Amino acid sequence: MTMTRVHRSVREYDVFARKARVDPLHHVGRVVAPDDDLAQAYARATYDEERWVEMVIVPREAVITVTAPGDE
Amino acid sequence: MSKRPVGGPVSDLVLSLADCKQLLGLRYAEWCSATPTLEADIAAAAMGLDDLGHSRVLAGCLSELGEDPRGPERESDPAAYRNVAFLDDTWTEWEQFVAANAILDTAFTVMIESLAEGEFEVLRTRLRKMLAEERYHFLHGRSWLNEMGMSEAVEQAWREAVEWFGPDGGELRKRLAGKLERPEPKLKIDWSKWDPIRRRTKSGAIDKHTFDMLRGLEEQRYGITGAETPARG
């Protein structure tokens, strides 16, 4: 991936957002960035299709899978 | 910090800020398919749109700040634009983008914060939204600056930011270095050459292509005149 040639190391982040306070946060996409600052800037620039009231990012490595597709 | 900006009436300062933001927005946009990553391309486009919008808001404040400093010379003289020299020409290196994004954009934000805390009601009310958007510009610029480190472009941008603050801009300089979490580089500035209207020591002006674009002449080259409009259907 090009990013790894530009940055020494990168992390994946999941992006969650909601349009209204009464809505739950939902997954809107992912960004790849070398640090939390750039990940915030990229998430805001990339997923600006709505006037979100809230957007958060979560490092993919912080996600703990409880069940996954294919689990019985 | 004194409430009145240095270097002349507040409208002169706001026009310089508007011109800098317009040029910064255009320079960002020029890079929206040329940065090292797709994500930075998208960020360049978004930041460019933000700064062009900020320029319009700032220019819209001028009528409420006294006599409008924009004269007819802006139609014929590129040097009538009050932008910092760093924005005169298209950036050829990514380091220049990062330097402008981290240092100059943040310097403009420091000034906007100062104006938003100041005594002019129109600025106190209209500049707040800009600061929310500028947070992302700052995160983007600071991260790339940390990635790439100091460079000749960074030092030049910092020098021009200090010049743009003006000879009495000590408090603004401290705020800029504080935000960037870096000491200001050692700068020798010949304030006897400082132009208080353009807020810079360098002569020169924006390139002809950009000047023509600002005046709407470049767009006309690609426009379709009424007589040449092809029939539809």
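## A three-stranded sheet in chain A and a helix pair in chain B

Val15(A) sits opposite Gly29(A), a residue of β2(A). That pair opens a tour of a predicted model. The tour starts with the sheet of chain A, then turns to the chain as a whole, to two helices of chain B, and to the contact between the chains.

**The sheet of chain A**

Helix α2 of chain A, residues 36–46, packs on the sheet. This helix touches β1, β2 and β3 of chain A. Its direction makes about 130° with that of β2(A).

The sheet is open and has 3 strands. Their order is β2-β1-β3, and the pairing is antiparallel. β2 and β3 of chain A stand at the edges with a single partner strand each, so one side of each has no neighbour in the sheet. On average, neighbouring strands are turned by 25° against each other, direction ignored.

Strands of a sheet pair through backbone hydrogen bonds, in a parallel or an antiparallel way. The table lists the two pairings found here.

| Strand pair | Residues | Sense | Bridges |
|---|---|---|---|
| β1(A) and β2(A) | 11–18 and 26–33 | antiparallel | 7 bridges |
| β1(A) and β3(A) | 11–18 and 54–59 | antiparallel | 6 bridges |

Single residues show how the strands line up. Phe16(A) has His27(A) of β2(A) as its bridge partner. Tyr13(A) stands opposite Pro59(A) in β3(A).

**Chain A as a whole**

Chain A holds 2 helices and 3 strands. From the N terminus on, the elements run α-β-β-α-β. The radius of gyration of chain A is 14 Å, well over the 11 Å that the globule rule gives for 72 residues, so the chain is more spread out than a compact globule. Along its principal axes, the C-alpha trace spans about 40 × 40 × 15 Å.

Of the 72 residues of chain A, 22% count as buried. Take the contacts in chain A between residues at least 6 apart in sequence: 49% of them join residues at least 24 apart.

**Two helices of chain B**

Two packed helices are described by the angle between their axes and the distance between the axes. In chain B, the axes of α3 (residues 94–116) and α5(B) come within 8 Å. They cross at roughly 145°. The crossing of α3(B) and α5(B) is left-handed.

Which residues of α3(B) meet α5(B)? Among them are Val98(B), Ala102(B), Asp105(B), Thr109(B) and Ile112(B). On the α5(B) side, the residues include Leu131(B), Glu134(B), Phe138(B), Gly141(B), Trp144(B) and Leu145(B). The residues of this contact divide into 10 nonpolar, 6 polar and 6 charged.

**Where the chains meet**

In the contact between the chains, 12 residues of chain B touch 18 residues of chain A. Which elements of chain B give two or more residues to the side that touches chain A? They are α2 (38–61) and α5 (128–148) of chain B. α5(B) gives the most, with 6 residues. The residues on this side of chain B divide into 6 nonpolar, 3 polar and 3 charged.

Helix α5(B) thus appears in two settings. It packs against α3(B), with the axes within 8 Å. It also gives 6 residues to the side of chain B that touches chain A.

Conventions
Residues numbered from 1 in each chain as written. Chains lettered and ligands numbered in written order. Predicted model: local features only at pLDDT ≥ 70, side-chain atom pairs only at ≥ 80, totals over all residues. Contact = placed C-beta atoms within 7 Å. Helix = DSSP H or I, 4+ residues; strand = E, 2+ residues; numbered from the N terminus. Nonpolar A, V, L, I, M, F, W, Y, C, P; charged D, E, K, R; others polar. Rg over C-alpha atoms; globule rule 2.2 N^0.38 Å. Buried ≥ 20, exposed ≤ 12 C-beta atoms within 10 Å, placed from the backbone. Axes fitted to C-alpha atoms, helices over the stretch in contact; angles between N-to-C directions. Left-handed = near helix turned anticlockwise from the far one by under 90°. Pairing = 2+ DSSP bridges.
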